[in-house]
Amino acid sequence: METTPLADGDVRWVFPELERPAEVEALLREAGALIEALAERLGVRPSWTGSGLEFCRPGGEPNASLFGCAEVPEVSFVVDLEAERGAVRRWEVEARISVRCDHAGPWDCGHHTIEERSASFGSPAAAARGLVEAVAWLRERCAAEPLSVWRERDDEPGERRSVSSRAV
């Protein structure tokens, strides 16, 4: 997986048909700044490259997704934007709050999602706005609860909540 900071990539890797990228680029920069602010609040470096948002391209392929995160040992706040497969061009935005598996056995199942939110969009501008909204939701949820609460929710699966998807 090749990872490229938003500032060093091309928005057309995610939105190939985009003719006038200025509005979408501005929204993506806003989402990136929100991820950076969330990471700063947690006292960590944002995402893998240290940028708020980054392009992820499997094997350097021309098509990419966007990814951003702020992670501490207790909890991860993650957002993704990627193209959906299908004849009609749509983009999926997903935001999730997860904790690392603390299972004592020999198998580590990775992360357990505590809360998530996803939505599907039919235009690049709507998808970019949806990404800004998703990151704003992550920041809001981070501010609403002490970090220890997220780990506690993993011990009580009945407390896990998902915000339903909406199509725009």
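How do the residues of the lining of the largest pocket divide into nonpolar, polar and charged? In this predicted model, eight of them are nonpolar, three are polar and five are charged. The lining comprises 16 residues in total, and those that lie nearest the centre of the pocket are Asn63, Ala64, Glu82, Ala83 and Arg85. The volume of this pocket is about 380 Å³.

The second largest pocket has a volume of about 190 Å³. It is lined by 14 residues, with Leu6, Ala7, Glu25, Leu28 and Arg29 closest to its centre. Seven residues of the lining of the second largest pocket are nonpolar, four are polar and three are charged. Helix α1, which spans residues 22-42, gives the most to this lining, contributing six residues.

The interior of the model was examined next. In general, nonpolar side chains of soluble globular proteins tend to be buried together. The largest nonpolar core here contains 45 residues, and the members that touch the most others are Phe15, Leu28, Phe77, Val79, Leu81 and Leu131. At least two residues of this core are supplied by each of α1, β3 (65-72), β4 (75-83), β5 (91-100), β6 (111-121) and α2. The largest share comes from α2, with 11 residues. Leu28 thus appears both among the core members with the most contacts to other members and among the residues closest to the centre of the second largest pocket. For phenylalanine 15, the contacts beyond four places in sequence are Val24, Leu28, Leu81, Trp91, Pro124 and Ala127.

Helix α2 covers residues 124-144 and includes arginine 139. Arginine 139 has a relative accessible area of 34% and is therefore classed as partly exposed, since that class lies between the limits of 20% and 50%. When neighbours within four places in sequence are set aside, arginine 139 is in contact with Leu34, Ala37 and Leu38. The C-alpha atom of arginine 139 is 8.5 Å from that of phenylalanine 77, although 62 residues separate the two along the chain. Phenylalanine 77 is itself one of the core residues that touch the most other members.

Helix α3 is formed by residues 147-154, and its buried residues are Val149, Trp150, Arg153 and Asp154. These residues lie on the same side of α3, because the arc they cover around the axis is only 150°. As a general matter, an α-helix has 3.6 residues a turn, so residues three or four places apart point the same way.

Two buried residues of the loop between α1 and β2 were also considered. Serine 47 is found in this loop, which precedes the strand β2 (54-57). Serine 47 has a positive phi of about 55°, although it is not a glycine. Its relative accessible area is 7%, so serine 47 is buried. Glycine 52 lies in the loop between α1 and β2 as well. With a relative accessibility of 2%, glycine 52 also counts as buried. Beyond four places in sequence, glycine 52 touches Gly32, Ile35, Glu36, Pro46, Ser47, Phe67, Gly68 and Cys69. Contact with Ser47 links the two loop residues described here. The C-alpha atoms of glycine 52 and alanine 31 are separated by 7.6 Å, the two residues being 21 residues apart along the chain.

Definitions and conventions: Residues numbered from 1 in each chain as written. Predicted model: local features only at pLDDT ≥ 70, side-chain atom pairs only at ≥ 80, totals over all residues. Heavy atoms only, no water. 1 Å grid on protein atoms, 1.4 Å probe; cavity = no way out; pocket = protein on both sides within 12 Å on 5 of 7 lines; lining within 4 Å. Points joined across faces, edges and corners; volume = space filled by probe spheres on them. Nonpolar A, V, L, I, M, F, W, Y, C, P; charged D, E, K, R; others polar. Helix = DSSP H or I, 4+ residues; strand = E, 2+ residues; numbered from the N terminus. Buried < 20%, exposed > 50% of the residue type's maximum accessible area, 1.4 Å probe, protein only. Contact = heavy atoms within 4.5 Å. Core = buried A, V, L, I, M, F, W, Y, C linked by side-chain atoms within 4.5 Å. Arc of directions from axis to C-beta.
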